[in-house]
Amino acid sequence: MACMLRGLWIFHAEEDVRLLMSRRFPTVERKMQRLLGDEYVALPCDEDINIMFITEVLHEVEDHYIPTGIPEPFHEDFQQGSFSWNAAQEAHTEKQWPMGPVASISKGKIWPLLFLFKKGFYLVTVVALEKKYKVETVRAMELPQITAAFAVLEDICDFIPASLTIADVAGIAELQYYIRSAIPFGSPVNTNYHLLRMVRQGFPNKEDETTQRSPAWKPYLYKGKAKLSLSIVETVNCTLYGKPEYEDECFISGNVYCCADLPGIPEICVPMSFQNNGGPPPEISVHNCAHVVGGIKATKEDSFKISCTPPTGPFVLCRYRRAASEIVPVRGFYQIKEMSPVEFRLLLQIQFHPLVGNTFWSCQVRLPFHHRGVIKSHDLKCTGGSFSLTDQGQSILWNLNVRRPRGSLEANLLGELIFDSPKPADSAENAPSMRMITSPVAGGSGGGGG
């Protein structure tokens, strides 16, 4: 079954979450009723959807259960319930997919429910599946409808102005028009906002007649110098325990962006390859206009090809996620010792993996100290790069892309910090969080971590 949506709801997150607009697709509901028979569960009314989304998805009841296997240093994090979960409950209410969470409502009877939060809005949809699945064991690759629905929600975000409110009747009517045009009868056809706007407002130039049929996502042809560009934006998420008895965790997610300004209606083929040392293959979802050459089985190999007839303008060709990475590209050791209420000694060590040590042109480490106040003075020194105070003296920004000896894989930042005055003990944060931003050099390969 192609990607079909049972309904779409857009909530505005102000002081409270309020329903901005909704659209249901009766054609899909009737089809679902015929396919599922007695297992069919009708969608609740919009008011009930609003309440269930808030209570069952956004505001889950927290408990104080500490899952088995959690290392001792992290037990305190679970005492307040903010990181707690019930393994049996999470097996069917929420599951991480390549682009976001999949939840359920109505006590697990309505699944899968997908949602995204962007521009201050929640976009919620229920995907139509032709049969019941065992959620505990199903994988994203086995349900392309879910990954395609996430891509549709991402595109619909472009339809929504950031200033849209419930009182803006004209703006909501405009949004409804674009959704009707993009998803007629519950099936996405053309979700490119730029193209839909051109269709509604008219094209700047009359296109020459052609006998070649144009796809729905390419209503007008490009004229000009041919240009094809590809770029990869990859995010590496790591949890480093710092102890040999606990294995570090690292997973990678990324987007492959494509802009094919080519005359006519060409078909392009993009080769993809991943480093694989015996680990599980990455989970991949492609754009509505694309397909994997050789089908799903081809994505389990180290290399495969994605073929598509690209739309005009930039678009996300594919998204991927690796549940485990063979290497950890960057390791860090952070330690801060309190000498007095306003004086602290800091040590931060950064170690790069040999495969990525010299393959980036920009790398920044940011250390925020908003909970402690303004840094009055310091005697910090670094063995590589340069650092400066930002955020009105409340953060340290360490640039590792300058004055770092080529071939050096380690860098240290150490010294003493003196703050203006101590913060109260009940401050909102108890410890600073470290954030690292890296940019790979042009031409670097994806899938290796960066």
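In the predicted model, strand β6 is mostly covered, with seven of its seven residues buried. The covering applies to both faces of β6. On one side, Phe121, Leu123, Thr125 and Val127 are buried, and on the other side Tyr122, Val124 and Val126 are buried as well. Strand β6 spans residues 121-127.

Two strands were found to pair with β6. Strand β1, made up of residues 5-13, pairs with β6 in the antiparallel sense over seven bridges. Within this pairing, tryptophan 9 has valine 124 of β6 as its bridge partner. Valine 124 is itself one of the buried residues of β6. Strand β5 also runs antiparallel to β6, and six bridges join the two. Here lysine 118 is the bridge partner of phenylalanine 121 in β6.

Strands β5 and β6 form a hairpin with two residues between the strands. Lysine 119 is found in the loop of this hairpin, between β5 and β6. The phi angle of lysine 119 is near 60°, a positive value in a residue other than glycine. Most residues other than glycine have a negative phi, and most peptide bonds are trans. Lysine 119 is partly exposed, with a relative accessible area of 43%.

A positive phi also occurs in lysine 107, at about 60°, although lysine 107 is not a glycine. This residue lies in the loop between β4, residues 100-105, and β5. Lysine 107 counts as exposed because its relative accessibility is 78%, and the cut-off for exposed is over 50%. Strand β5 itself covers residues 110-118 and contains proline 112. The peptide bond that joins tryptophan 111 and proline 112 is cis, with an omega of about 5°.

Helix α5 consists of residues 144-157. The 14 residues of α5 should span 20 Å at 1.5 Å a residue, and the C-alpha atoms at the ends of the helix are 20 Å apart, so the two values agree. Of these 14 residues, 13 are buried, and α5 is therefore largely enclosed by the rest of the structure.

Helix α2 is formed by residues 46-58 and includes asparagine 50. Asparagine 50 counts as buried because its relative accessibility is 16%, and buried means under 20%. Leaving aside neighbours within four places in sequence, asparagine 50 is in contact with Phe11, Val17, Arg18 and Leu19. One of these contacts, Phe11, falls in the residue range 5-13 of strand β1.

A further group of paired strands involves β13. Strand β13, residues 314-322, is mostly covered, as eight of its nine residues are buried. Strand β8, residues 249-261, pairs with β13 in the antiparallel sense over eight bridges. In this pairing, serine 253 stands opposite arginine 321 of β13. Strand β10, residues 283-286, also runs antiparallel to β13 and is joined to it by four bridges. The bridge partner of serine 285 is arginine 319 in β13.

Strand β14, residues 330-338, contains valine 330. Valine 330 is buried, with a relative accessible area of 18%. The C-alpha atoms of valine 330 and isoleucine 350 are 7.0 Å apart in space, while the two residues are 20 residues apart in sequence.

A search of the whole structure for disulfides finds zero. A disulfide requires two cysteine sulfur atoms within 2.5 Å. For cysteine 259, the closest cysteine sulfur is that of cysteine 258, and the distance of 7.0 Å is too far for a bond. Cysteine 259 is buried, with a relative accessible area of 17%. For cysteine 269, the closest cysteine sulfur belongs to cysteine 308, and the distance of 8.8 Å is likewise too far for a bond. Cysteine 269 is partly exposed, with a relative accessible area of 43%.

Technical notes
Residues numbered from 1 in each chain as written. Predicted model: local features only at pLDDT ≥ 70, side-chain atom pairs only at ≥ 80, totals over all residues. Heavy atoms only, no water. Buried < 20%, exposed > 50% of the residue type's maximum accessible area, 1.4 Å probe, protein only. Pairing = 2+ DSSP bridges. Expected span 1.5 Å × (residues − 1). Contact = heavy atoms within 4.5 Å.
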